[in-house]
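Reader: I would like a close look at a single part of this model, namely the surroundings of the ligand, followed outward into the elements that supply them. Please take it step by step and keep the account connected.

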Amino acid sequence: MDEPFDSSSSLRAGKLRVKSPVGGSPNKDAPSRRDVFRMFDRIAPRYDLLNHLLSFNRDKAWRRKMTLLLPSKANLTLLDLATGTGDQLLSLYDSGKIVSGVGVDPAEGMLAIGREKIERRKLTSALSLIPGSAEELPFGDRSFDVVTISFGIRNVTDVDLALREMHRVLKPGGRALILEFSLPRNTVIRHGYLMYFRYILPLLGGFISGDREAYRYLNQTVESFPYGDQFTELMLEAGFCDVKHTPLTFGVATIYQGDKL
Ligand SMILES: C[S@@+](CC[C@H](N)C(=O)[O-])C[C@H]1O[C@@H](n2cnc3c(N)ncnc32)[C@H](O)[C@@H]1O
């Protein structure tokens, strides 16, 4: 089995040591996550457009798939971490199963766009967005039925700490859902995808957003982040049970699900 990533202990050290997922090139350091939210503030006005464009609109289907994995009971309270411009929060709310939701993100520029969407849809009594980090949540233990994070866990500096925080604020019986980029397992598909991801996506993303660095960061972080069984292992270590993962679109994204006893 080809395993592109180093062991999870390097994650705990706050530094990802990675191997190239394609060739056998030597390890290199993953890009720093520190203050990455400033980069998201810079690209905030073009973020949604680029998400839809560069994923060929698959992001919308992936978000809807998240709603299918919500716990079966009604009137759920939701916390969406790294909420950005709020698309995942709104998509989950549209399931009709959420009674109230809070989105948390350190990037005020992203939150401002999310707040406009919530106001436009007159949902301010149910949904709110607040600044904050996934690694230090301003909520008490056992506060929410569901905690989600979409395309965000890859951006936090201390992944283990963020997972433990997610577990802490969940009510017993609650569920964490994590949507994140991953890499196709099939070698041929992975090669083709990496050509797009490494060369075309940074060009297009850089051209439209005016921030080439941001879209280089995207492929560097995705290629250096654990996925599949390696990521479920981290969730188990953080205390989650019944941990499962569902690869989407040939494995270019994956949803991880874990429950709190
Ligand atoms: C790729 S965007 C994802 C936004 C949104 N969840 C979505 O699905 O479109 C990543 C987000 O992670 C946020 N972020 C970065 N560091 C974070 C941290 N430590 N805690 C929470 N969010 C963080 C960024 O500000 C950015 O809005």
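Author: In this predicted model, the shell around the ligand consists of 22 residues, of which Ala 82, Gly 84, Ala 107, Ala 134 and Ser 150 come nearest. Sorted by class, that shell holds 11 nonpolar, 8 polar and 3 charged residues. Two helices, H2 (36-54) and H4 (87-93), each give at least two residues to the shell, and the largest share, 4 residues, is the contribution of H2.

Since H2 has that largest share, it is a fitting element to follow away from the ligand. The axis of H2 comes within 9 Å of the axis of helix H7 (residues 187-209), and the two cross at roughly 145°; the crossing of H2 and H7 is right-handed. On the H2 side, the residues that take part are Ile 43, Arg 46, Leu 50 and Leu 54, and these meet Leu 201, Leu 204, Gly 205, Ile 208 and Ser 209 of H7. By class, this contact of H2 with H7 is made up of 6 nonpolar, 2 polar and 1 charged residues.

From the helices one can turn to the sheet. The sheet is open and is formed by 7 strands, which follow one another in the order E5-E4-E3-E6-E7-E9-E8 with mixed pairing. Its edges are strand E5 (127-131) and strand E8 (241-248), each of which pairs on one side only, and neighbouring strands of the sheet are turned against each other by 15° on average, with direction ignored. Within this order, strand E7 (residues 170-181) and strand E9 (residues 253-259) pair in the antiparallel sense over 7 bridges, and Ala 176 stands opposite Gly 258 in E9. Helix H6 (residues 159-169) packs on the sheet, where it touches strand E3 (76-81), strand E6 (144-150) and E7, and the direction of H6 makes about 145° with that of E7.

The chain as a whole gives the setting for these parts. Its secondary structure comes to 9 helices and 9 strands, and buried residues account for 43% of its 261 residues. Of the contacts in the chain between residues at least 6 apart in sequence, 67% join residues that are at least 24 apart.

Definitions and conventions
Residues numbered from 1 in each chain as written. Predicted model: local features only at pLDDT ≥ 70, side-chain atom pairs only at ≥ 80, totals over all residues. Near = placed C-beta within 6 Å. Nonpolar A, V, L, I, M, F, W, Y, C, P; charged D, E, K, R; others polar. Axes fitted to C-alpha atoms, helices over the stretch in contact; angles between N-to-C directions. Left-handed = near helix turned anticlockwise from the far one by under 90°. Contact = placed C-beta atoms within 7 Å. Pairing = 2+ DSSP bridges. Buried ≥ 20, exposed ≤ 12 C-beta atoms within 10 Å, placed from the backbone.
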